[in-house]
Amino acid sequence: MNTNFAEWFLHYDYASGCMKTYEQLLNAGLLSDFLAMAEYLLQDEKLKQPAAVLAGGVLEEHIRKLCITNSIDVEDASKAKKLDTLNADLGRAGIYSKNDQKQITAWAGIRNSAAHAKYDEFDEQQVRGMIDGIRAFIARMPLRQL
């Protein structure tokens, strides 16, 4: 997705009332910037590992904020829930489909492989798909009451 189009889309969501607060607009812009950094690392620097970790961090932050927006606890016994648990909670609550839930699990797997130096478990094409997919997922699932 073209960065200019993504910015337009974010501003459109805000202007049309889809994003309730300026904080949501800033958060969406920051996540977009981090995905652009991941894209740069992958395309220009040929660094699939840090690109996957960065994109995975964006995904986790968005999932965590989706939980907060939809009144789903992000802590369990004063301890932050893991991405897999948050993902399952959102799926169980019907915030997104089982297919979305499975896709998020796959992206988290790529991120975890990159973070734990298991570089043969994924390739550049998968990281490219991960970045594009996360960007599309965030566009489909903005931070608002669904």
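Here are a few questions and answers on salt bridges in this predicted model.

User: How are residues numbered, and which residues and atoms count?
Analyst: Numbering starts from 1 along each chain as its sequence is written, and side-chain values use heavy atoms, with hydrogens and water left out. As the model is predicted, local features need pLDDT of at least 70 and side-chain atom pairs count only at pLDDT 80 or more, while totals for chains, interfaces and linings use all residues.

User: How many salt bridges does a search of the whole structure find?
Analyst: A salt bridge here is a side-chain nitrogen of Lys or Arg within 4 Å of a carboxyl oxygen of Asp or Glu. On that basis, the whole-structure search gives 10.

User: Why are Glu-60 and Arg-64 separated by about one helical turn, and are they buried or exposed?
Analyst: They sit 4 residues apart in helix H3 (residues 48-69), so about one helical turn separates them; helices are DSSP runs of H or I, at least four residues, numbered from the N terminus. Buried means under 20% relative accessible area, exposed over 50%, partly exposed in between (1.4 Å probe, protein chains only). Glu-60 and Arg-64 are both buried.

User: Which residue forms a salt bridge with Arg-140, and is that residue buried or exposed?
Analyst: The partner is Asp-100, at 2.8 Å from N to O. This pair links distant parts of the chain, with Arg-140 in helix H6 (residues 124-140) and Asp-100 in helix H5 (residues 98-115), 40 residues apart. Arg-140 is partly exposed because its relative accessibility is 47%. Asp-100, at 14%, is therefore buried.

How values were computed:
Helices (H or I, at least four residues) and strands (E, at least two) are DSSP runs, numbered from the N terminus.
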